[in-house]
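Let's walk through this model together, from one helix and what covers it to the empty spaces among the atoms. Please keep the sequence and the 3D view open as you read.

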Amino acid sequence: MIGHLLRLVWNRKRSNALIVAEILASFLVTFAVMTAVVTFASNWLRPVGYEWRNVWSVGLGIDFESIQQPTPELREAVMRMVREAESFPEVLGAAISTTPPFAGSTSEHQREIEGRPVTYVVDEVSDGFARVMEMQVISGRWFGPADDGSPNLPVVIDATFAADVYPGVDPVGRLLTGDSGEVQVPLEIVGVVSAYRKDGELSMPVNTMFQRIAPAAEGSIGGSIVVKVRPGTSPVFEQKLLERLQAVAPEVSLRVRSLEQGRARTLRAVIAPLLAGAIVALFLILMVGLGLTGVLWQNVTRRTREIGLRRAMGATGLAVHRQILLEVLLLTTFALAAGAAIVLQLPILGAFKIVSPAAFSAGLVAGLVTIYSLAVLCALYPSWLASRLQPADALRSE
């Protein structure tokens, strides 16, 4: 049976090539969409590692050079602003952060760790940052005043960093040496926090490190102050807070926004192109489905003589119906085999840096199931028409 179908498919290889090409294109599009959906859905279900509700970010209008090498007066002014913010009864805590969540900026670094290059992002923060963001320390501790005078720079890494660089090993107490461009002193890992995704639910986990901004030490002073306010705090308090902080440092421009607003803006920036791509993909698949139905319908019409002869030789309508379906499934298998061969090259090209192996596998399986279902659905009506042909129809087609 299969050999007979292969001969029939080969004899119409020119027309069948169009069908195979359409199925292949629809599979590649479906795979991309399904993989993206699974990736974003799995990211959404995972915790982000901090609490963004009731947190405000006060952006400091300071140029990059002043942030990295602040004057003693500027450092003292920023520290005073943190203390002023904490003096309000509406405020539960305040801290400094260079790149707070949803800020749209990232400080990426690379250094050799454990014998291999590791890329990670750094946020330079003050001691109260973990308390303000309600971060969970899962190993070791968060840095604090006890680290003043330490010969090493205390750092905290997130669980993603720990799993990537130190799988199955507690990294607390490890020293990170080597010149990464940002510091010369060794970094000492004093703690590990839960996986931290500063860009929210739809972002991919990345290796994250938090470096300490000591009150009296030299180095970066950060570009923002994150403030944890009590639930139900009136928006009117924003202006009151801004005026008090501005009085501390009149020369520094300030801008207040809530992390909730930043989160909404970030989600829109990710979801909008994703929805646009999904809509385009849906229309493309519908177009492919309609085109595939039309091509199969045309093929059945052109094969009236062949099908009528089969009916005259005793083939039942069900046998003809099954033959057409099997031919379509055979063509679909050819197309999906070629598509799977293309897709399976992606991990070699580094696809797992963008999507997880589980999301890749789920997208591949979902694409295969969807296209097989689409092919069968498109073949139902043409195969039903073929099953209704009678020997007399073949005579009329002459």
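A good place to begin is helix α7, whose buried residues are covered by elements including β1 (55-61), α4 (72-86), β2 (91-97), β10 (224-229) and β11 (253-258). Covering here rests on contact, meaning heavy atoms within 4.5 Å, and the element names come from DSSP runs numbered from the N terminus, with helices being H or I of at least four residues and strands E of at least two. This is a predicted model, in which local features need pLDDT of at least 70 and side-chain atom pairs count only at pLDDT 80 or more, while totals for chains, interfaces and linings use all residues. Residues are numbered from 1 along each chain as its sequence is written, and side-chain values use heavy atoms, with hydrogens and water left out.

Which residues of α7 are buried? In this helix, residues 236-248, they are Phe 237, Leu 241, Leu 242, Leu 245 and Val 248. They lie on the same side of α7 because they cover an arc of only 135° around the axis, the arc being that of the directions from the helix axis to the C-beta atoms. An α-helix has 3.6 residues a turn, so residues three or four places apart point the same way. On the face turned away from the buried side of α7 you will find the exposed residues Val 236 and Ala 247. Buried means under 20% relative accessible area, exposed over 50%, and partly exposed in between (1.4 Å probe, protein chains only).

Stepping back, the protein has 12 helices and 11 strands, and 47% of its 398 residues count as buried. Among contacts between residues at least 6 apart in sequence, 81% join residues at least 24 apart.

Tyr 166 gives an example from a loop, the one between α6 (159-165) and β7 (175-176). Tyr 166 is buried, with a relative accessible area of 4%. Leaving aside neighbours within four places in sequence, Tyr 166 contacts Ile 113, Glu 114, Phe 161, Pro 171, Arg 174, Leu 176 and Ile 189. Of these partners, Glu 114 is 52 residues away along the chain, yet the two C-alpha atoms are separated by 8.4 Å.

Now turn to strand β3 (residues 108-113), where Arg 111 is found. Arg 111 is buried too, at 3% relative accessible area. Its side chain makes a polar contact with the side chain of Tyr 120 (3.1 Å); such a contact is a pair of N or O atoms within 3.5 Å, where within protein one must be able to donate a hydrogen and the other to accept it, and residues adjacent in sequence count only if both atoms are side-chain atoms.

In the loop between β2 and β3 sits Thr 106, which counts as partly exposed at 47% relative accessibility. Not counting residues up to four places away in sequence, Thr 106 touches Thr 99, Val 121 and Lys 198.

Thr 106 also leads us to a cavity: together with Thr 99, Val 121, Val 122, Asp 123, Tyr 196, Lys 198 and Thr 208, Thr 106 lines the second largest one. On a 1 Å grid over the protein atoms alone, a cavity is a set of points where a 1.4 Å probe fits but cannot get out, and lining residues have an atom within 4 Å of a point. Strand β4 (residues 116-125) gives the most to this lining, with 3 residues.

Technical notes. On a 1 Å grid over the protein atoms alone, a cavity is a set of points where a 1.4 Å probe fits but cannot get out, and a pocket is an open set with protein on both sides within 12 Å along at least five of seven lines; lining residues have an atom within 4 Å of a point.
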